[in-house]
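Thanks for coming. I will talk through one model this morning, and I will keep to what can be read from the coordinates.

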Amino acid sequence: MKAMKKIEIIINSTYLSKIIEVLEKTGSTGYTVIKDIVGKGERGIMRGDEITDVFKNNYIFTICAPEIASKIIENLKPVLKSFGGVCIMSDVSWIKY
Amino acid sequence: MKAMKKIEIIINSTYLSKIIEVLEKTGSTGYTVIKDIVGKGERGIMRGDEITDVFKNNYIFTICAPEIASKIIENLKPVLKSFGGVCIMSDVSWIKY
Amino acid sequence: MKAMKKIEIIINSTYLSKIIEVLEKTGSTGYTVIKDIVGKGERGIMRGDEITDVFKNNYIFTICAPEIASKIIENLKPVLKSFGGVCIMSDVSWIKY
Amino acid sequence: MSLEIIAQNIMNPVVLMFFLGVISVFLKTDLDIPQPLPKFFSLYLLISIGLHGGYELSKNGITPDVVRVIIPSILMSVCVPIYAFFILRLKLDVYNSVAIAATYGSISAVTFITAGTFLKELGENYGGYMVAMMTLMESPAIIVGLILLTIFAKREKNSRTNWIEVFREAFLNPSVFILIGTLIIGFTTGENGWKSVSPVFENLFRGMLAFFLLDMGIVAGRRLGELKKIGVFLIIFGIVFPIINALVGIGLAKLFGLNKGDAFMFSVLCASASYIAVPAAMRISVPEANPSIYVTMSLAITFPFNISIGLPLYYTLIEKIWRVG
Amino acid sequence: MSLEIIAQNIMNPVVLMFFLGVISVFLKTDLDIPQPLPKFFSLYLLISIGLHGGYELSKNGITPDVVRVIIPSILMSVCVPIYAFFILRLKLDVYNSVAIAATYGSISAVTFITAGTFLKELGENYGGYMVAMMTLMESPAIIVGLILLTIFAKREKNSRTNWIEVFREAFLNPSVFILIGTLIIGFTTGENGWKSVSPVFENLFRGMLAFFLLDMGIVAGRRLGELKKIGVFLIIFGIVFPIINALVGIGLAKLFGLNKGDAFMFSVLCASASYIAVPAAMRISVPEANPSIYVTMSLAITFPFNISIGLPLYYTLIEKIWRVG
Amino acid sequence: MSLEIIAQNIMNPVVLMFFLGVISVFLKTDLDIPQPLPKFFSLYLLISIGLHGGYELSKNGITPDVVRVIIPSILMSVCVPIYAFFILRLKLDVYNSVAIAATYGSISAVTFITAGTFLKELGENYGGYMVAMMTLMESPAIIVGLILLTIFAKREKNSRTNWIEVFREAFLNPSVFILIGTLIIGFTTGENGWKSVSPVFENLFRGMLAFFLLDMGIVAGRRLGELKKIGVFLIIFGIVFPIINALVGIGLAKLFGLNKGDAFMFSVLCASASYIAVPAAMRISVPEANPSIYVTMSLAITFPFNISIGLPLYYTLIEKIWRVG
Ligand SMILES: Nc1ncnc2c1ncn2[C@@H]1O[C@H](COP(=O)(O)O)[C@@H](O)[C@H]1O
Ligand SMILES: Nc1ncnc2c1ncn2[C@@H]1O[C@H](COP(=O)(O)O)[C@@H](O)[C@H]1O
Ligand SMILES: Nc1ncnc2c1ncn2[C@@H]1O[C@H](COP(=O)(O)O)[C@@H](O)[C@H]1O
Ligand code: NA
Ligand code: NA
Ligand code: NA
């Protein structure tokens, strides 16, 4: 069992690739994506309009070592600044067999 | 980075609007919803039957300040009592650029 | 409010039934499953290929008492060893009305 | 009822697809028709019968036949949930009695649709206004059920019925809305309108029904496992009660002078039980009732019974009675 | 324009389905056509017009008609976003002006498709190459919009436009790609090819359009609630600007000697506004602009206006002008 | 083989849709056919050939033709995985050898379906029982593969093969089940049954195949990027091995006196490789094997090869051989 950080991001689906770019270049070992989710935040309701993909969110999370976590967060900040979205971090233990 | 609470609710999809009502009226600044999920709990298996929407869950979470969290929870309790479902709370840090 | 553990597992969709088997036999009182999610890990990209179900993940989580959590984890380890996937644990409070 | 007519009903691909779905569950094949495909098939079927019914109405206008069928339709949709409730109270609590009563008081569009193809196979027909009757009979049971609840249940204050929500659920649920809407569209656009969309909404009808029934079979199959929890009383209820309702319906149909095709469709409406609109409404308004009971009864007992044995049974009776006089 | 032709346009099941969708939102019926069904319908429609257009082209080859229509198409797709931008700047900031200008400079395939069925109903036709023109007119507005942005916006360094990404978004978005691809397939496989797939891509066309418009109606209906945030200027813009573009388009069509059917389809392309490809591109390249504004204008104002009143309006004008000379 | 017949095969919209999908990936257009649509198309195709095959069988009954084809079918489905395994062992470990051997020992329904439309285009036909043969040939390779695994792999105790699960995966996977089920339905409901559903299950066939192949193209295109990881040996294997199997199949077909159409379809079954049922089974039973290898080979090498060059190649050979004798 190892103490790790979980970083969770909710962002408009149009910007998913920007987030994944950051994760890849900052050395995250993996990530999980749940597509087509909805929600409400500062930028209004994302209702999941069926015609455009523009009003839909994606939920991405990654588990990583604390030192990588801070690197990821530094690199995520400008993306979040340009494109909006929510990012949270919490503590988890990674179960390794 | 700000210490916040994450409140997660899993509830039958029929009752989603009741939860969102509570969130809106108790001053949550936002929430995220993942629809059409399945699971098992006290009230049996929710298999996601394709014909009726009655056996399907929704997963809702909100990130909020601790003082709002307790307000939300007070207001959620009667809903959970009437309609069932699971509600958990945990600690997270909100990353702000 | 009760201190509980949240165990989260991300695993290839083909193996969902193995995880649920473990949860059922180790006395978890419930679980939630989000199907058809994608991600990247040690075993490459799971892109959610549309033709085969083989490149798709499932996300399962269960809330349980700490003593049950360690039992579950013991039983999950061999499954994770054979079939891969990620498993994390964290602390949550269960809100009971 | 001759075995031949049962065989003729079952031995068509559409009904067999239902049983293929059921069998697939027994053999644990993992066959699955994932969402939102079933929703699409069901939407397709509703739009089809709506447009078609509207078009048929536009051809003939408001005939005496139309008027004749309204009263028995209203009558049955109000009375069935009431007598269902009192029968069910013999064994069950108020909440589950209300939910089941509303379920059986309402109708199942897919049973109606399957009955329509059965009738057509026999070279007979029914009036387009029967679709309007179906729509009319979908909602009242919900209201009646909740009135019974208000009278007989001693609930806490804060769980009082929200009547505005109830009426919305009852009369503005998606299936009622789409039926009314497409009936009107079919009626106003008439022959030209129908011709322009019939390659989709007429020609594909049976194929789409086959897909939907395959899915219904899978869902019903999964629920069959819960029959033992439901108990013998309710299983018998799920078969005998539809027959009773069909008989009452046939009686009324004769009394009000419906023609044979309409009488058959009316009896099927009486016999069928809801598994989409009513369960959704009950979940909201009567959360105390157990959906595993009312959904399972409707989906895993009554629906299969109706589409396999019920249809030929009701038809044979009507054949006999209408021939006499 | 006679009321008759408006009625004739609206009184067909396909257009009425759109309004049924809108009404369902007002009545809060929860009617919903879940993903990915709308994506499927839209893909179907694009493939259908691509294959059909390609087949039509293969029948006649490159005629003078084809050549005649290219110049006005390019002209309009470059000029509309420019004059739109300067009009919009009177009231809005640079970012939103760019996004709305690009939206109106591009086209809406579904408006084009609906116009096609309207034309066919009247017994008229248009050239297969018009589908190619539609494809041609989809992308330039995005590029023009972003050039305007580079000129007029003072942005920080790190948010500079990534031109490679922009060109990809503009010219290789799924709808442009599928249109070009199926045009080529339709062209190369000719009559045999078309015959083999026409039971799906021709016969089902109106039915699928009906489904898609029902969904468009729901989505537009949901956005109608946001009209008050948008303000009177933009609401008027959303109706008047398409008319202006149609008029300019009709003028050019006359000038370049297009035949009536082509002129009509061309004017519809000029009048229509994008709500799929351009919003996606704008979200990426101009995140400062508010998508609630440009999507709502395009989807909840201009689209309904065009398919209900715009089509008969443009057609009546063309009728009159072409009759004269 | 004349170039003409290759061109004739490729120059049809259905096959071209596959390549359109591949190209869309190379151009990074984000074109996507989201789930569950591909599942729907695939289910549709299986039901269609099942019902149609059953109906064809019902017309002619059990003829000598049927009997003639059973033995070579069983023979090939048992032998191919065995000789595949020993060839693959020259370069690969036991686990991957088993998985690839099972993949190539089984069949691809969509290759079979595409071959059927190719044959029809040439004005030829095949027996409805060939669908039964396809069903028969889907499962044995899984069992044979796992027997090979038990013999040759030294596994830890707790990862022993669970044979009950294996047989279930092999013989009761959804595609085998739906094929058997619809074959029986098609057979028992005969001409009337087929007529009632043929507007969906016959007329829409090519259009639905076009959709499905577009998606297959996208998925195959995405996997092409992984070819370099797979290595030259396996890439060559993915092309040469199907040809060998087709040749062996053609030899057996001649030996057992199949007619031309059946021989062609049989050779296609021999040449094709599974990418749905077998990968799912292998993931469960041989988690040690790398799915990126066997799925990529089957989907990105063998499938495109078969539907573009394989089909006309096998057909030309059969043409020549059957003309001689
Ligand atoms: N407080 C919150 N709790 C949970 N999810 C949130 C919260 N705020 C925003 N979100 C999600 O993040 C998305 C983007 O947020 P925003 O950029 O603030 O509009 C929203 O559509 C929600 O899905
Ligand atoms: N212990 C648990 N862990 C995770 N999810 C749960 C748990 N208990 C219940 N759930 C989820 O909450 C839903 C409703 O729970 P219940 O009301 O207890 O039936 C279930 O269908 C599950 O999806
Ligand atoms: N570090 C990580 N953070 C979040 N999700 C992960 C991580 N590593 C793996 N996953 C998820 O777990 C799945 C299986 O992981 P693996 O077995 O390592 O390939 C991946 O496809 C991801 O969806
Ligand atoms: Na009833
Ligand atoms: Na335009
Ligand atoms: Na094979």
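I will go through the ligand sites, then the chain pairs, then one loop residue.

Keep in mind throughout that this is a predicted model.

Let me start with ligand 1. Which chains surround ligand 1? Its neighbours come from chains A and B, so this site is shared between chains. There are 20 residues around the ligand, and the nearest are A:Glu42, A:Arg43, A:Asn57, B:Thr32 and B:Ile63. On the chain A side we can put distances to three of these. A polar backbone atom of A:Glu42 is 2.8 Å from an oxygen atom of ligand 1. For A:Arg43, a polar side-chain atom is 2.4 Å from an oxygen atom of the ligand. For A:Asn57, an N or O atom in the side chain is 2.7 Å from a ligand oxygen atom. On its own, ligand 1 has 480 Å² of accessible area, and the protein covers 96% of it. As for where the shell comes from, β2 of chain A, and β2 and β4 (57-64) of chain B, each give two or more residues. β2(A) gives the most, with four residues. Sorted by class, the shell has eight nonpolar, nine polar and three charged residues.

Now ligand 2. Here the surrounding residues belong to chains B and C, so again we have a site shared between chains. Which of the 20 residues around ligand 2 come nearest? They are B:Glu42, B:Arg43, B:Asn57, C:Thr32 and C:Ile63. Two backbone contacts come from chain B. B:Glu42 has a polar backbone atom 2.8 Å from an oxygen atom of ligand 2, and B:Gly85 has a backbone N or O atom 2.9 Å from an oxygen atom of the ligand. From chain C, a polar side-chain atom of C:Thr29 lies 3.5 Å from a nitrogen atom of ligand 2. The protein covers 97% of the 480 Å² that this ligand would have accessible alone. At least two shell residues each come from β2 (31-41) of chain B and from β2 (31-41) and β4 (57-64) of chain C. The largest share, four residues, is from β2(B). The class count is eight nonpolar, nine polar and three charged.

That leaves ligand 3. Chains A and C supply the residues around ligand 3, so this site too is shared between chains. Among its 20 surrounding residues, A:Thr32, A:Ile63, C:Glu42, C:Arg43 and C:Asn57 come nearest. Chain A contributes a polar backbone atom of A:Tyr31, 3.3 Å from an oxygen atom of ligand 3. It also contributes an N or O atom in the side chain of A:Thr32, 2.8 Å from an oxygen atom of the ligand. Chain C contributes a backbone N or O atom of C:Glu42, 2.8 Å from a ligand oxygen atom. Ligand 3 taken alone exposes 480 Å², and 96% of that is buried by the protein. β2(C) gives the most to this shell, with four residues. By class, the residues around ligand 3 are eight nonpolar, nine polar and three charged.

Next, chains D and E. A turn of 120°, with a shift of 0.0 Å along the axis, lays chain E on chain D with an RMSD of 0.0 Å. The two copies are therefore related as by a three-fold rotation axis. Do these copies meet through the same or different surfaces? Different ones, because only 11% of the interface residues of chain E are also interface residues in chain D. In numbers, 28 residues of chain E are in contact with 25 residues of chain D. About 2,200 Å² is buried between them, and carbon and sulfur atoms give 86% of that area. E:Pro13, E:Leu20 and E:Phe211 supply 25% of what chain E buries against chain D, more than any other three residues.

Two other pairs do not touch. Chains A and D have no contact, and their closest C-alpha atoms are 13 Å apart. Chains B and E have none either, with closest C-alpha atoms 11 Å apart.

Last, the loop residue. D:Glu124 sits in the loop between α6 (109-121) and α7 (129-138) of chain D. Its side chain makes a polar contact of 3.1 Å with the side chain of D:Lys260. Leaving aside residues up to four places away in sequence, D:Glu124 touches D:Leu119, D:Lys260 and D:Tyr315.

How values were computed:
Residues numbered from 1 in each chain as written. Chains lettered and ligands numbered in written order. Predicted model: local features only at pLDDT ≥ 70, side-chain atom pairs only at ≥ 80, totals over all residues. Heavy atoms only, no water. Near = heavy atom within 4 Å. Polar contact = N/O pair within 3.5 Å; in protein donor to acceptor, adjacent residues only side chain to side chain. Areas by Shrake-Rupley, 256 points an atom, 1.4 Å probe, with all protein chains shown as cover. Nonpolar A, V, L, I, M, F, W, Y, C, P; charged D, E, K, R; others polar. Least-squares fit on C-alpha atoms with pLDDT ≥ 70 in both. Contact = heavy atoms within 4.5 Å. Buried area = accessible area lost by both parts, 1.4 Å probe.
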